[in-house]
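Student: I'd like a close look at one part of this protein, and then a walk outward from there. Could you take me through it slowly?

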Amino acid sequence: MIKVLIADDQAMVRQGFGALLAAQPDLLVVGDAANGADAVTAARRLDPDVVLMDVRMPVLDGLAATRKLLGDQPSDRPRVLILTTFDLDDYVYEALRAGASGFLLKDAPAADLVHAVRVVAAGDALLAPAVTRRLIAEFAARPDRRRPRPTALVALTARETEVLRLIARGRSNQEIAADLVVAEQTVKTHVGRILAKLHLRDRAQAVVLAYETGLVEAGG
């Protein structure tokens, strides 16, 4: 079972998402929270696999809550899935930098929400939609985001560097396998090694790192 915590300041949203997810045979809603501070407390107490985190909440917003929850987290749990709207792009990017595994628009179809929870719970990142790639590219390209390439990138092989570039462009494992003419399992192995060498939680952080270090440039 995938344990889910829902954090949103609107009771109707929490109830609606809760009912939808609870109806799935492999999902279990373990709790909810109306603000970011309660979300952090509940997550530490209930140990969910996935936290659905709204951005705009009282007491502690979703961005600060994500930083607080994941900043000193030694394990890869929980995964944070940001719930947002288009006018919050900047907050979404910062949440990805803080360790969130992706984001979902609040008006997305019900099936997309269920799929998103399963994707991030499996250790992947919700980065396929073009809007996410555009978001990351736009904010990563800002001058104050640029940093020297970390020494850690030197540890990557030429093929791993190539795979990282493709990940940063939003390509799935299947698409990368087709691009490089290799088996999908080979790509999965490369991705695992990249994350391990760079000490990253998942593909979302890999994308952010690739843009911030200049390995991939916005629009490139």
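Which residue in strand 2 is the bridge partner of isoleucine 6?

Tutor: That would be aspartate 32: in strand 2, aspartate 32 is the bridge partner of isoleucine 6. Keep in mind that this is a predicted model.

Let's stay with isoleucine 6 for a moment. On strand 3, the residue standing opposite isoleucine 6 is leucine 52. So we have two strands to look at beside strand 1. With strand 2 (residues 27-33), strand 1 pairs in the parallel sense, over six bridges. With strand 3, strand 1 also runs parallel, and four bridges join the two. There is a helix to add here as well: strand 1, helix 1 (residues 11-22) and strand 2 make a right-handed β-α-β unit.

Is strand 1 enclosed or open? Five of its six residues are buried, so strand 1 is largely enclosed by the rest of the structure.

Now move across to strand 3, where you'll find aspartate 54. The UniProt record, an unreviewed entry, annotates Asp54 as "modified residue: 4-aspartylphosphate". In this model aspartate 54 has 5% relative accessibility, and because the cut-off for buried is under 20%, aspartate 54 counts as buried. Leaving out residues up to four places away in sequence, aspartate 54 touches Ala7, Asp8, Asp9, Gly62, Leu83 and Lys106.

One of those contacts, Ala7, takes us into the core. The largest nonpolar core has 24 residues, and Ala7, Val51, Met53, Leu69, Val80, Ile82 and Ala100 are the members that touch the most others. Two or more residues of this core come from each of strand 1 (2-7), helix 2 (36-46), strand 3 (50-54), helix 3 (62-71), strand 4 (79-84), helix 4 (89-97), strand 5 (103-105) and helix 10 (203-212). There is another core apart from this one, with 23 residues that include Val163, Val191, Leu200 and Ala210. As background, nonpolar side chains tend to be buried together in soluble globular proteins.

Pick leucine 69 if you want a feel for the packing in the 24-residue core. Setting aside neighbours within four places in sequence, leucine 69 is in contact with Val40, Ala43, Arg44, Val51, Pro78 and Val80.

Next, a charged residue on strand 4: arginine 79 has its place there. Arginine 79 is buried, with a relative accessible area of 7%. Its contacts, again without neighbours within four places, are Asp49, Val50, Val51, Ser101, Val120, Gly123, Arg201 and Asp202. Compare that with arginine 97, which lies in helix 4. Arginine 97 is partly exposed, at 28% relative accessible area. Arginine 97 and valine 208 are 111 residues apart in sequence, yet their C-alpha atoms are 6.6 Å apart in space.

Over in helix 7 (residues 158-168) sits threonine 161. Threonine 161 counts as buried, at 16% relative accessibility, and beyond its neighbours within four places it is in contact with Leu156 and Leu215. Arginine 159 is in helix 7 too, but arginine 159 is partly exposed, with a relative accessible area of 33%. Leaving aside neighbours within four places, arginine 159 is in contact with Leu180, Val182 and His190. For the last of these, histidine 190, the C-alpha atoms are separated by 8.1 Å, with the two positions 31 residues apart along the chain.

Two loop residues deserve a glance for their backbone. Valine 59, in the loop between strand 3 and helix 3, has a phi near 70°, a positive value in a residue other than glycine. Valine 59 is exposed, at 69% relative accessible area. Histidine 199 lies in the loop between helix 9 (184-198) and helix 10, with a positive phi near 55°, and histidine 199 is exposed as well, at 71%.

Finally, zoom out. The chain has ten helices and five strands, and 50% of its 220 residues are buried. Among contacts with a separation of 6 or more, 69% are between residues 24 or more positions apart. The chain exposes about 10,100 Å², with carbon and sulfur atoms supplying 53% of that.

Definitions and conventions:
Residues are numbered from 1 along each chain as its sequence is written. This is a predicted model: local features need pLDDT of at least 70, side-chain atom pairs count only at pLDDT 80 or more; totals for chains, interfaces and linings use all residues. Side-chain values use heavy atoms; hydrogens and water are left out. A nonpolar core is a set of buried Ala, Val, Leu, Ile, Met, Phe, Trp, Tyr and Cys residues joined through side-chain atoms within 4.5 Å. Buried means under 20% relative accessible area, exposed over 50%, partly exposed in between (1.4 Å probe, protein chains only). Contact means heavy atoms within 4.5 Å. Accessible areas come from the Shrake-Rupley method with a 1.4 Å probe; for residues, only the protein chains shown count as cover. UniProt positions are given in the numbering used here, feature names are shortened, and annotations may be inferred rather than shown by experiment. Two strands pair if DSSP finds at least two bridges between them. A crossover is right-handed if, with the strands pointing away from the viewer, the path from the first strand over the helix to the second runs clockwise.
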